[in-house]
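Welcome, and thanks for taking a look at this one. Below is a short briefing to read alongside the model, grouped by topic.

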Amino acid sequence: MKHLTTPLNDIPWVRHGFFTRQGGASDGIYGSLNCGPGSSDDPAHVVEHRARIARALDVAPDCVLTPRQVHSDKVFYIDRPVSYADMPQVDALVTDKPGLAVGILTADCAPVLFASASKKIVGAAHAGWKGALNGVLESTIAEMEKRGADRNDIVAALGPCIGPQSYEVSDDFKAPFLVQDAGNGAFFRPASKPGHLIFDLPAYVRARLEKAGVHVLHDVRQDTFSDEGSYFSYRRSCHRKEADYGRQMSIISIRSDAG
């Protein structure tokens, strides 16, 4: 089972990982480590995959917590295990409880993991274009502050997402970004197809984080669309007219031995 880590792990009480699609039991379009309960994969496989991630982070299986994502700016503070069915419809989780692992599921959207460098507080945010535009990253930081974190020492890591060469959009996609800030035009460039643009989602996410006061950001710089062997991609599945797609997990926890 393969996953990427960043210098977030240099914070003594933090464990985290950006898990790839490798190392699971599913096959076909879900091959192999699909972690999405919302997919049409065999539910037993999804449960097993999430249990494997729990073991990798040294937490109990019921402490792997992911929200029911809806591309919003909403964040939820969680302090106990909650089943996926009972999870709120939000796009970020924050916790200060050792032994809980908060994560999000993606298949092109940007996963962002957060940790305070001085307080035992962590968070995970699902930053697709809509969530990022509407402020999910800032909402996550604000919730961490509410729990005692200092914005100036929050460190973030940006995981695998659709890369700056791969995200082709229609011309009108740019409109709400320009309404928000004319400077957002810098994240778009012409595509080879007439009437289309290329949107640099990771650069936009990095800029939002920096503007929010997060000055230490680790970016794994992995493109989910182009690296089929490592990552699920919603856009790639759409191009192939596949019926569904798998989801990879990005997750962070406060070590259970952190006290």
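**Salt bridges**

Glu145 has a relative accessible area of 31%, so this residue is partly exposed. The side chain of Glu145 meets that of Arg151 in a salt bridge, with 2.8 Å from N to O. Please keep in mind that this is a predicted model. The structure holds eleven salt bridges, and the points below start with some of them before turning to a helix, a sheet and the helix that packs on that sheet.

*Charged pairs*

- Arg151, the partner of Glu145, counts as partly exposed because its relative accessibility is 25%.
- Glu228 and Arg240 form another salt bridge, where the closest N and O atoms are 2.7 Å apart.
- This pair links distant parts of the chain, twelve residues apart: Glu228 sits in the loop between E13 and helix H6 (234-239), and Arg240 in the loop between H6 and E14.
- Glu228 is partly exposed, at 36% relative accessibility, and Arg240 is partly exposed too, with a relative accessible area of 43%.
- Glu48, Arg52 and Arg55 are joined into one network by salt bridges that share partners.
- Arg147 pairs with Glu143 in a salt bridge whose closest N and O atoms are 3.0 Å apart.
- Buried or exposed: which word fits Glu143? Buried, because its relative accessibility is 11%, below the cut-off of 20%.
- Arg147, on the other side of that bridge, counts as partly exposed at 30% relative accessibility.
- As general background, side chains of opposite charge can pair when their charged atoms come close.

*Helix H1*

- Helix H1 covers residues 43-57, and its 15 residues should span 21 Å at 1.5 Å a residue; the end C-alpha atoms are 21 Å apart, so the model agrees with the expectation.
- At the start of H1, the backbone nitrogen of Ala44 has a side-chain oxygen of Asp42 within 2.9 Å.
- Which residues of H1 are buried? They are Val46, His49, Arg50, Ala51, Ile53, Ala54 and Leu57.
- These buried residues pack against four strands: E2 (14-19), E3 (64-65), E6 (101-106) and E14 (248-254).
- Just after H1, Asp58 takes a positive phi of about 60 degrees.

*The six-stranded sheet*

- Six strands make an open sheet with mixed pairing, in the order E4-E5-E8-E7-E9-E13.
- Strand E4 (76-77) and strand E13 (216-219) are at the edges with a single partner strand each, so one side of each is left without a neighbour in the sheet.
- Strands E7 (residues 110-116) and E8 (residues 122-127) run antiparallel and are joined by six bridges.
- Leu113 stands opposite Ala124 in E8.

*Helix H5 on the sheet*

- Which strands does H5 touch as it packs on the sheet? Helix H5 (residues 201-211) touches E7, E8, E9 (154-158) and E13, and its direction makes about 25 degrees with that of E7.
- Buried residues in H5 are Leu201, Pro202, Ala203, Tyr204, Val205, Arg208 and Leu209.
- The N-terminal end of H5 is capped by Asp200, with a side-chain oxygen 3.1 Å from the backbone nitrogen of Ala203.
- Just after H5 comes Gly213, with a positive phi of about 105 degrees.

Terms used
Residues are numbered from 1 along each chain as its sequence is written. This is a predicted model: local features need pLDDT of at least 70, side-chain atom pairs count only at pLDDT 80 or more; totals for chains, interfaces and linings use all residues. Side-chain values use heavy atoms; hydrogens and water are left out. Helices (H or I, at least four residues) and strands (E, at least two) are DSSP runs, numbered from the N terminus. The expected span of a helix is 1.5 Å times one less than its number of residues. Buried means under 20% relative accessible area, exposed over 50%, partly exposed in between (1.4 Å probe, protein chains only). Contact means heavy atoms within 4.5 Å. A polar contact is a pair of N or O atoms within 3.5 Å; within protein, one must be able to donate a hydrogen and the other to accept it, and residues adjacent in sequence count only if both atoms are side-chain atoms. Two strands pair if DSSP finds at least two bridges between them. Axes are lines fitted to C-alpha atoms, for helices over the stretch in contact, and angles run from 0 to 180 degrees between N-to-C directions. A salt bridge is a side-chain nitrogen of Lys or Arg within 4 Å of a carboxyl oxygen of Asp or Glu.
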